[in-house]
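Here is a walk through a two-chain model, written for someone who would rather look at the residues than at a table. Keep the structure open while you read.

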Amino acid sequence: MTDTFYINWTTQLRKGLLELAILNSLGSGPLYGYELVRRLGDVDSLVITEGTVYPILSRLKNEKYIESYIEESTSGPPRKYYRLTARGREELRRMNEHWEQLHGALVSLRKEKKR
Amino acid sequence: MIDLTPEASTRLERYLERMRAALRGSRSVEPGEVEQNVREHVEIALAGIPAPVGAERLGEVLEQLGPPERWLVDDDRPWWRRAVQRISAGPEDWRLAYVAFGVFALGMLTLPLGIGVFILACAFLISRAAVDLLAERGEPLGARRWLVLPAIWLVLVLVSMGALISMIAPAAAIGIGDGNLYLVTGTSHAEPGTLERVRVEVGFLAMSAGIWWVILAAIFAAIMRPFRTLFLPVTERLGRKHAMILALVGAILASLGAVLLFGVR
């Protein structure tokens, strides 16, 4: 596997997983953009460029998976919070289920190889 | 609102301008909402730093945000950006086909301006280069035919039509326009619109066209190979029999014209 191949593969994988990661982060409660970016940044190598998160938030909002509201802050400008909608929760449940299936299948493939 | 130095302010505005350009035309992303988020992000990231905030500190935040041109996934990009991306990143043989079609489309659009003829000639050459490249690699044209053949077909049709009718107009101008026909057939020019005039003129035109097509068939047969090569793969099956057919049609037309002109009184 060449470096280029590996880099392309990890980039594609990261892009695919970022939506799931955002929805899961919002699954535990409303977050404003900067807070969400910081939280995702804590997951090693998930977010390389922080700005990538914002178009995804816009798209998820357009799809009505999340909604936003403004809340005043005591330490700085008012913040735009995002939270999951009922539709978003249902979609997140399906996505997590699919991810579990996929992950399980990959793990079992690795186990078979070891035998 | 955070207080920025003029340099930092200009830098932020340039960054946001780049971002707006990168998101413009996106199918599912609202650039306005993203901009609002980015402004909020910058303000929170720089909160607590003594004002006015300089370009260097702002630069660190923008660097973390990354180049906006890379923010969108492929599906979110407008169709024309995806097309440009495909052309620039696609395999060489496909790239050439896309370029050929792009130049062809541009030529068609600019045809009324005159420059379109030159652009279409370029499209023809690029299309032929694409066809030859694939032939050298032993690859079939496949779906690429829809991208490279339009320009080749168009030029072939224009050249063929031009060759078929090119000599008929001057012949008509000499024979009918100058009254020379009167000398041959004795038909008076003072009788416009009469059945006699129609017979003579149609007969003359048919005979001229027929004779020209017989001559053209002979020229065509002589230059068959370079002609076929020039318009490959459209002319792949072109052979001497096609020249014979043209000569035969020409001969029949010339005969009919002669009968109309001299045989019917």
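What follows goes from the interface to chain B and then to some backbone oddities.

## Where the chains meet

Keep in mind that this is a predicted model. In it, 19 residues of chain A are in contact with 24 residues of chain B. On chain A's side, α2 (33-41), α3 (53-62) and β3 (79-84) each bring at least two residues to the surface that touches chain B. The top contributor there is α3(A), with six residues.

What sort of residues does chain A show to chain B, by class? It's a mix: six nonpolar, eight polar and five charged residues.

## A helix pair across the interface

Two packed helices are described by the angle between their axes and the distance between the axes. For α3(A) and α2(B), the axes come within 9 Å and cross at roughly 135°. An angle of 65 to 115 degrees would count as roughly perpendicular and one over 145 as roughly antiparallel, so α3(A) and α2(B) are oblique to each other. Their crossing is right-handed.

If you want to pick out the contact on screen, look for Y54(A), P55(A), L57(A) and S58(A) on the α3(A) side. Their partners on α2(B) are E33(B), V34(B), N37(B) and V38(B). Sorted by class, the contact between α3(A) and α2(B) has five nonpolar, two polar and one charged residues.

## Chain B: helices and no strands

Chain B has twelve helices and zero strands, so reading along its sequence gives α-α-α-α-α-α-α-α-α-α-α-α. Of its 265 residues, 27% are buried. If you take the contacts in chain B with a separation of 6 or more, 67% of them are between residues 24 or more positions apart.

## A closer look at α3(B)

Which residues of α3(B) are buried? They include L58(B), V61(B), L62(B) and L65(B). Looking down the axis of α3(B), the buried residues fall within an arc of 100°, so they line one face of the helix. That buried set packs against α1 (6-23) and α2 of chain B.

Flip to the other side of α3(B) and you'll find E56(B), E60(B) and E63(B), which are exposed. After α3(B) comes G66(B), with a positive phi near 85°.

## Backbone oddities

Most residues other than glycine have a negative phi, and most peptide bonds are trans. Now for some exceptions.

K64(A) is not a glycine, yet its phi is positive, about 65°. You'll find K64(A) in the loop between α3 and β2 (66-71) of chain A. Is K64(A) buried or exposed? With 12 other C-beta atoms within 10 Å, K64(A) counts as exposed, because the cut-off for exposed is 12 or fewer.

Chain B has cis peptide bonds to look at too. One joins A51(B) and P52(B), with omega about -10°. P52(B) sits in the loop between α2 (31-46) and α3 (55-65) of chain B. Another cis bond runs from L232(B) to P233(B), with omega near 5°. P233(B) has its place in the loop between α11 (224-230) and α12 (240-263) of chain B.

Definitions and conventions:
Residues are numbered from 1 along each chain as its sequence is written. Chains are lettered from A and ligands numbered from 1 in the order in which they are written. This is a predicted model: local features need pLDDT of at least 70, side-chain atom pairs count only at pLDDT 80 or more; totals for chains, interfaces and linings use all residues. Two residues are in contact if their C-beta atoms, placed from the backbone, lie within 7 Å. Helices (H or I, at least four residues) and strands (E, at least two) are DSSP runs, numbered from the N terminus. Ala, Val, Leu, Ile, Met, Phe, Trp, Tyr, Cys and Pro count as nonpolar, Asp, Glu, Lys and Arg as charged, and the others, Gly among them, as polar. A residue is buried if 20 or more other C-beta atoms lie within 10 Å of its own, exposed if 12 or fewer, and partly exposed in between; C-beta atoms are placed from the backbone. The arc is that of the directions from the helix axis to the C-beta atoms. Axes are lines fitted to C-alpha atoms, for helices over the stretch in contact, and angles run from 0 to 180 degrees between N-to-C directions. Angles under 35 degrees count as roughly parallel, over 145 as roughly antiparallel, 65 to 115 as roughly perpendicular and the rest as oblique. A crossing is left-handed if the near helix is turned anticlockwise from the far one by less than a right angle, and right-handed if clockwise.
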